[in-house]
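Trainee: Hi! I'm new to this one, could you walk me through it?
Mentor: Happy to, let's bring it up.

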Amino acid sequence: MSKKIVVTGGNGLVGSQFEGNDYIKYSSKLFDLRNTNHVDSMFRKLQYEPFRLDGVIHTAAKVGGVGGNMKYKGEFFYDNIMMNTNVIESARKHNVKNLVCFLSTCVFPDDVEYPLTEKKIHLGPPHKSNDAYAYAKRMGDIQIRAYREQYGLNYKSVIPTNIYGPNDNFDVENGHVLPSLIHKCFIARESGNDFEVWGSGKPLREFIFNKDVAELSRWVLDNYNEDEPIILSTSEEISIKDLVGIVVDEMNYKGKVKWLSDKPDGQFRKPSDNSKIKNLLPKYKFTPIEDGIRETVKWFEDNYPNIRK
């Protein structure tokens with residue numbers, strides 16, 4: 001009997017990168033993961049398929065940038081805590097032994113000694129700009145640790161840094177920083193207006209290509225078995241100003257970049273320590289950010305206007 005892996009958020013930024021016959025990909029159009037009955041129905045349906053369910057990679061989430069996290073705190077908390085709770089619990093009830101749950105670097109405390117490591121998640125409150133989302137994601141780690149201890153399940157979590165790539169959500173108001181910048185730059189180029197960017201450009205961020213995240217999380221599903229989450233990161237910081245410069249070059253934008261200094265920067269930096277994944281996979285080559293942005297911009301241009309926005 002063949003083995004299959006369920007991927008939640010199958011049409012999303014990471015879920016869309018799992019390709020091949022090994023995967024069954026579900027999106028919110030098929031099942032509302034906030035609804036316990038919907039999630040149970042999803043797993044019950046799989047019991048009657050002619051294959052063995054070998055694990056779950058839970059990528060589905062309600063995500064956004066600084067603006068979205070500040071404006072919709074209640075929605076971000078409820079949607080994420082319900083999705084994680086339902087998927088993890090229903091997987092347990094239906095005897096799924098192997099699961100990977102996606103957390104976020106937002107889970108880390110605002111006031112913490114850098115670099116971020118897997119041991120520092122619960123050492124203090126997260127940054128106030130995304131605290132509701134961060135607490136909901138932290139509970140995924142708590143639930144997994146509890147289930148491992150009580151039920152002996154091989155459930156684990158990954159903490160990717162800022163993910164980007166083809167099939168992202170390019171919402172200019174509430175999306176993550178890089179896809180929002182790409183869409184804003186496109187609009188400015190096509191309209192002849194200034195390219196307006198929130199903040200000072202000084203904050204530093206780490207980015208990881210979605211194809212890399214998919215490869216690494218599948219490896220984690222098959223090979224990693226620890227209580228502690230594992231950070232998926234290049235551990236290479238880039239300023240928002242330099243990031244904008246790459247986007248401008250790749251989109252061939254010739255206009256003016258206008259920095260909106262009255263808008264929030266968000267957390268100044270949150271460098272991570274990727275030594276665990278590097279020690280486990282010392283030969284793994286991360287996609288350079290210039291190459292990843294080039295591929296993302298090409299995908300955006302090729303698929304516009306039929307993109308998530």
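Mentor: Here is a short tour, starting with the sheet and moving on to helices and two single residues.
Mentor: This is a predicted model, where local features need pLDDT of at least 70, side-chain atom pairs count only at pLDDT 80 or more, and totals for chains, interfaces and linings use all residues. Residues are numbered from 1 along each chain as its sequence is written, and side-chain values use heavy atoms, with hydrogens and water left out.

Trainee: Cool. In what order do the 6 strands of the open sheet run?
Mentor: The order is β2-β1-β3-β4-β5-β9, with parallel pairing. Strands (E, at least two residues) and helices (H or I, at least four) are DSSP runs, numbered from the N terminus, and two strands pair if DSSP finds at least two bridges between them.

Trainee: Which strands stand at the edges?
Mentor: β2 (23-26) and β9 (230-232); each has a single partner strand, so one side of each lacks a neighbour in the sheet. From one strand to the next, the twist averages 25°.

Trainee: How many bridges join β4 and β5?
Mentor: There are 5 bridges between β4 (residues 98-102) and β5 (residues 154-160). Among the bridge partners, Cys 101 goes with Ser 157 in β5.

Trainee: And which strands does α4 touch?
Mentor: Helix α4 (residues 131-151) packs on the sheet against β4 and β5, and its direction makes about 155° with that of β5. Contact means heavy atoms within 4.5 Å; axes are lines fitted to C-alpha atoms, for helices over the stretch in contact, and angles run from 0 to 180 degrees between N-to-C directions.

Trainee: Switching topic: at what angle do α3 and α4 pack?
Mentor: Helix α3 (residues 73-93) packs with α4 at about 15°, their axes 8 Å apart. The two helices are therefore roughly parallel to each other, a label for angles under 35 degrees. Residues of α3 that meet α4 include Phe 76, Phe 77 and Ile 81.

Trainee: What about Ser 104, buried or exposed?
Mentor: Ser 104 is buried, at 10% relative accessible area; buried means under 20%, exposed over 50%, partly exposed in between (1.4 Å probe, protein chains only). Ser 104 lies in the loop between β4 and α4, and leaving aside residues up to four places away in sequence, Ser 104 touches Tyr 133, Ile 159 and Pro 160.

Trainee: Last one: where is Asp 168?
Mentor: Asp 168 is in the loop between β6 (162-164) and α5 (177-191). With 6% relative accessibility, Asp 168 counts as buried. Beyond residues up to four places away in sequence, Asp 168 touches Leu 13, Ile 163, Pro 179 and Arg 308.

Methods:
Angles under 35 degrees count as roughly parallel, over 145 as roughly antiparallel, 65 to 115 as roughly perpendicular and the rest as oblique.
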